[in-house]
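Colleague: I'm new to this one and would like a close look at a single part. Could you take a pair of helices that pack together, and then work outwards from there so I can see where the pair sits?

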Amino acid sequence: MLSEQGGFEPEDIAAISRRHSSGQLTVVKPKMSLRKRLTNTYRYRDLLFGLIGKEISVKYKNSALGIVWSMLNPAMYILIYFLVFQKVLKNGVPDYAIFLPSGLLVWNLFQTSISAATTAVVDNAGLVKKVSFPREILALASVGAAFVFFLFQAIVLIIFMIIFRVLPTWGYLWLVPIAMVALLIFASALAVFLSAVNVYLRDTRHLIEVLLVAWFWGTPVVYPYMELAVPINKHGLLWVYLLNPVVTPVVTFQRALYGKVSPISTNAAHAVINILPSAGQGWYLTHLLVTIVVGIVLFVGALYVFGRLEGNFVEEL
Amino acid sequence: MSVAVQVVDVSKRFRLYKEKMTSLKERVIHLGKVPYEEFWALRDINIEVQEGETLGLIGHNGSGKSTLLKCIAGILLPSSGEIRVRGRVAAMLELGAGFHPELSGRDNIYLNASLLGMPKREVDRRFDDIVDFSELGGFIENQVKFYSSGMYTRLGFAVAVNMDPDVLLIDEVLAVGDENFQRKCLDKVNSFQKEGRTIVFVSHSADLVRAVCDRAYVLDHSKVVGGGPTAEAIGILRDYQLKGSGLNHDPNAAEAIDQSDDSSVGSSNRPQSPPALITSISLLLPDPSRGYAVPNDIVSLDLHYESTSLQEVLVGVEVTDVRGELVFSATSEDLGFGSYSLYGQGEFIVELGPMPLLDGMFSVAASLYQIPGGARIDWRPIEQAFKIVNPTKCTGMVNMPVSILQESGS
């Protein structure tokens, strides 16, 4: 019809519609504002999911058991820690096979995120050099993939809970998603920061591997929170312990899924042992909210550092 | 017309480390001070690309053209200045960058498209087009690691061109793949041009730039040294190429070549006063004010000589291109002019042309031969190579006269 009126070719129409649609202006500058950075990252959210999906499908391609491997790994850990601490060292924690995984899963999520994210930019050097996209997505995808593996591993915990007939503490269960959010924000902040630093200082990854071992034992996963919190509280140093942002999410998971605050020990003495803080939901919520606020501040700081370092990525890789 | 890409005062500094220090230990040892040299890959670049225009960036290796393209693409961030790009940008720096070998072609299309910034639902819509263009058919479900390099490249190109970009950045990628594929790429570039999309094209192939671009900028040593309509820009590029090539003969160098040449021929009588010498050689362009020739121009060579008394001397002429390859060589005998007798001082005018050459830098040398034995008496090239600028859209080496007739079917 248009061609009858004025002799428009289809190409002209395409050109006209293009002129109207292309309002979006990209500015490449040495520095990018934080808000710009966040909206840009949001625009690429499909890439985030794509990269997470790639991570998962690639990891277990060509393996017969596939995703089952990611469940066997924590199951093995749980079995060994269970034998060592419960049967050999006799720590006396009842239903240790539930206590342990409820904290270990959270720790695993944190550890996998951090160690994968540290090398994320360096490992994807080929992409970073050839394609333009918000590079922090590489670090965030490592956290995302770790989260998906966490969900698979949670199945192991559920199986254990069914076997040992342990019910979650329903009144605390609503805190679990909040604990998850708190942990993911903190892990993302650290992931973004370390992925950029590792481009310049390649031994960051080794340093992190070592630090994570110490960090693991500074988190109440294998031993109960109260066993460390009570003695250091006598010296007024409990705040140092709580400075570890992984502590609160771990304890929240244990409170909601394991739930025994001060049970009778399974040892011969049958004394009462303190495992979790005997505080109400308010204590947990406050601590989680503090962790979230701190996490957001750190995340913004990490994005700032990433932005400063990003400019020379291509040359350093 | 509005501006699609605006590059304002962009500079890019690279740090060249004498020794790459990427470990914490080494940084601590050097107290954070790592010795490096600064290298400016781009300096104060100002470029504008109009909407719907196809712009070429040309320059020799290391001139900064690819760095500039990476800055426009947002892969590199400039050290200072800014670049404004209107609309969606797709950069084709390496086809299939980001393909994961373990994933199927289908999964890689989604992943690659999202890397280029396209939302998933839009990929859903274009998926069939991409597969059609890639000509992969049923192989799309196979893992990419089983693809041939041709299939890989086709898929990469298919994803990139189906991004519906407003601004397309192309870096030498058209040089890969077989001829069929190259033609397909060029067809696609042509249809993009017709649709009014903006293209920025980086190449060191002057022919490709001439065939594709409306305008071009020339980069040399991190700076824009000129720009304009493609033919003009290519002329500027030739000038800069010349500076770095061996075509500019200074008389001493010519002498050196002369002597080494003679000794290889084994003429031992050279130390004696030679029987004849070319005392000067100069090239005259039909329009000296222009400074270059165009195809089909007639250029003439003015040759002065000094001689004792010689019979049966042949005049030789040879034309070489910028790489030193021989384009043409003949003697007066070959050309049917026979031989000459030389007494004292004299002059030859050698007319070359109409030049059946399209474009490039060329050098001309003249020589004198003695018929008995064919020994070369003297050889001398012009001091400045001359340039042929091709104002047409034809590409290639020679200016071939071509005519096309249509014979109607009925």
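Modeller: Sure. Let's start with α6(A) and α9(A), which are roughly antiparallel to each other. Keep in mind throughout that this is a predicted model. Helix α6 covers residues 96–118 of chain A and helix α9 covers residues 136–163 of chain A. Their axes come within 8 Å and cross at roughly 165 degrees. The label "roughly antiparallel" is used because angles over 145 degrees count that way. The crossing of α6(A) and α9(A) is right-handed. Sort the residues where α6(A) meets α9(A) by class, and you get 19 nonpolar, six polar and no charged ones.

Stepping back, that pair belongs to a chain with 17 helices and one strand. The C-alpha trace of chain A spans about 95 × 40 × 40 Å along its principal axes. Chain A has 317 residues, and buried ones make up 38% of them. If you take the contacts in chain A with a separation of 6 or more, 83% are between residues 24 or more positions apart.

Here's one example of parts far apart in sequence ending up in the same neighbourhood: A:K29 and A:G311 are 282 residues apart along the chain, yet their C-alpha atoms are 9.6 Å apart in space. You'll find A:K29 in the loop between β1 (25–28) and α3 (34–43) of chain A. Is A:K29 buried or exposed? A:K29 is partly exposed, because 17 other C-beta atoms lie within 10 Å, while buried takes 20 or more and exposed 12 or fewer.

The strand just before that loop takes us across to the other chain. β1(A) pairs with β4(B) in the antiparallel sense, over four bridges. To find one of the matched pairs, look for A:L25, whose bridge partner in β4(B) is B:R86.

Widen the view to the whole meeting of the chains, and 43 residues of chain B are in contact with 37 residues of chain A. On chain B's side, the elements giving two or more residues are β1 (3–17), α1 (24–29), α2 (65–73), β4 (80–86), β5 and α3 (105–115). The largest share, six residues, comes from β4(B). By class, chain B's side divides into 19 nonpolar, 11 polar and 13 charged residues.

Two of those elements are worth following further. Take α3(B) to begin with: 10 of its 11 residues are buried, including B:I109, B:Y110 and B:L111. What covers the buried residues of α3(B) includes α4 (45–59) of chain A, along with α4 (120–134) and α5 (149–161) of chain B. So you can see chain A helping to cover a helix of chain B, and that's part of the same list of covering elements. Just after the helix, look for B:G117, whose phi is positive, near 95 degrees.

Now β5(B), which leads into an open sheet. Six strands of chain B make up that sheet, in the order β5-β6-β7-β3-β8-β9, with mixed pairing. β5 (89–92) is an edge strand, and so is β9 (223–229): each pairs on one side only. From one strand to the next, the twist averages 15 degrees. Inside the sheet, strand β6 (residues 167–171) runs parallel to strand β7 (residues 198–202) of chain B, and five bridges join them. One spot to click on is B:D171, which stands opposite B:V202 in β7(B).

One last stop in chain B is strand β14 (residues 360–370). Because 10 of its 11 residues are buried, β14(B) is largely enclosed by the rest of the structure. β14(B) pairs in the antiparallel sense with strand β11 (residues 299–321) of chain B over nine bridges, and there B:V313 stands opposite B:Q370. β14(B) also pairs in the antiparallel sense with strand β15 (residues 376–381) over five bridges, where B:A365 has B:P381 as its bridge partner. With five residues between them, β14(B) and β15(B) form a hairpin, and B:G373 in the turn has a positive phi of about 90 degrees. Another antiparallel partner of β14(B) is strand β16 (residues 386–388), joined over three bridges, with B:F362 opposite B:F386.

Methods:
Residues are numbered from 1 along each chain as its sequence is written. Chains are lettered from A and ligands numbered from 1 in the order in which they are written. This is a predicted model: local features need pLDDT of at least 70, side-chain atom pairs count only at pLDDT 80 or more; totals for chains, interfaces and linings use all residues. Two strands pair if DSSP finds at least two bridges between them. Axes are lines fitted to C-alpha atoms, for helices over the stretch in contact, and angles run from 0 to 180 degrees between N-to-C directions. Two residues are in contact if their C-beta atoms, placed from the backbone, lie within 7 Å. Ala, Val, Leu, Ile, Met, Phe, Trp, Tyr, Cys and Pro count as nonpolar, Asp, Glu, Lys and Arg as charged, and the others, Gly among them, as polar. Angles under 35 degrees count as roughly parallel, over 145 as roughly antiparallel, 65 to 115 as roughly perpendicular and the rest as oblique. A crossing is left-handed if the near helix is turned anticlockwise from the far one by less than a right angle, and right-handed if clockwise.
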